[in-house]
Amino acid sequence: MGVDQIWLGEHDRPSDTLTENEIAFIATRDSFYIASVSETGWPYVQHRGGKIGFLKVVDPQTMAFADYRGNRQYISAGNFAANDRACLFLMDYVRRTRLKVYAHVERLTLDADQSLTDLVSDPTYRGRAERIFKLRVEAYDWNCPQHIIPRYTEQQVEQAVAPLRQKLQQLEAENAALRARLEGRSE
């Protein structure tokens, strides 16, 4: 099935315009995988990460993100210079959900569109942005969750464990108080 044949199914409509559901999902991601293809036809997949919401939805058919200096290999950037097609996988491991987005990528300098630069820039982020990748959505699809293994971030684990730690502290304090009372009686 080609990109132009991807459909959402029951709604029987082309999937080239993001709905509120996809926009909300994208806004809560702190990473994604992006695939590109070299001039010689070799695929390349790269992980991109940042603060929650660093991938911005500009409008229902456009997304963008700041490209920060990394390992200075520029493989994705070079691939997009030759072939503007990309595929993004946005994962929610906890909910076992995956959004696949096909897009055309435009590489922009930071001074090319000040409003877009302002949208994707984060002055609190310690990295140095080198360019902006603007993505025009060609199609998207929600993939089957069957083989997605739940994974949790450190923050999610800490939130889940916090009530247990509080209860443990309470029980330890209660235990210490009971010991002190017992030791006071035995003297």
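In the predicted model, Ala160 has a relative accessibility of 53% and therefore counts as exposed, the cut-off for that class being over 50%. Ala160 belongs to helix H4, which covers residues 154-186. A distance of 19 Å separates the C-alpha atom of Ala160 from that of Ile52, a residue 108 positions away along the chain. The unreviewed UniProt entry annotates residues 154-181 as a "coiled-coil region". In the model this span is 100% helix and 0% strand, and its end C-alpha atoms are 39 Å apart.

Helix H4 is one of 4 helices in the protein, which also has 7 strands. Along the sequence, these elements follow the order α-β-β-β-β-α-β-β-α-β-α. The radius of gyration is 23 Å, whereas a compact globule of 187 residues would have a value near 16 Å. Along the principal axes, the C-alpha atoms occupy a box of roughly 85 × 45 × 30 Å. Of the 187 residues, 29% are buried. Among contacts with a separation of 6 or more, 70% are made by residues 24 or more positions apart. The exposed area of the protein is about 12300 Å², of which carbon and sulfur atoms supply 51%. The protein carries 24 positive and 26 negative charges, and the mean positions of the two sets lie 6 Å apart.

Strand S5, spanning residues 85-92, contains Leu90. The relative accessible area of Leu90 is 0%, so this residue is buried. With residues up to four places away in sequence left out, Leu90 is in contact with Phe25, Ile26, Arg29, Phe32, Leu55, Thr97, Arg98, Leu99 and Val101. One of these partners, Arg29, is 61 residues from Leu90 in sequence, with a C-alpha to C-alpha distance of 7.2 Å.

Strand S5 is followed by a loop that leads to strand S6 (97-108), and Arg96 lies in this loop. The phi angle of Arg96 is near 55°, a positive value in a residue other than glycine. Arg96 counts as partly exposed because its relative accessibility is 32%, which falls between the limits of 20% and 50%.

Within strand S6, Ala103 has a relative accessible area of 3% and is therefore buried. Beyond its neighbours up to four places away in sequence, Ala103 touches Asp84, Arg85, Ala86, Leu135, Arg136, Val137 and Glu138. Ala81 lies 22 residues from Ala103 in sequence, and the two C-alpha atoms are 14 Å apart.

Asn143 is located in strand S7, which comprises residues 129-143. At 16% relative accessibility, Asn143 is classed as buried, because the cut-off is under 20%. The contacts of Asn143, apart from neighbours within four places in sequence, are with Phe89, Arg98 and Lys100. Arg98 also appears in the contact list of Leu90.

Taken by accessibility, Leu90 is buried at 0%, as are Ala103 at 3% and Asn143 at 16%. Arg96 is partly exposed at 32%, and Ala160 in helix H4 is exposed at 53%.

Note on methods: Residues numbered from 1 in each chain as written. Predicted model: local features only at pLDDT ≥ 70, side-chain atom pairs only at ≥ 80, totals over all residues. Heavy atoms only, no water. UniProt positions renumbered as here; feature names shortened; annotations may be inferred. Helix = DSSP H or I, 4+ residues; strand = E, 2+ residues; numbered from the N terminus. Rg over C-alpha atoms; globule rule 2.2 N^0.38 Å. Buried < 20%, exposed > 50% of the residue type's maximum accessible area, 1.4 Å probe, protein only. Contact = heavy atoms within 4.5 Å. Areas by Shrake-Rupley, 256 points an atom, 1.4 Å probe, with all protein chains shown as cover. Lys, Arg positive; Asp, Glu negative; His and termini not counted. Charge placed at Lys NZ, Arg CZ, Asp CG, Glu CD.
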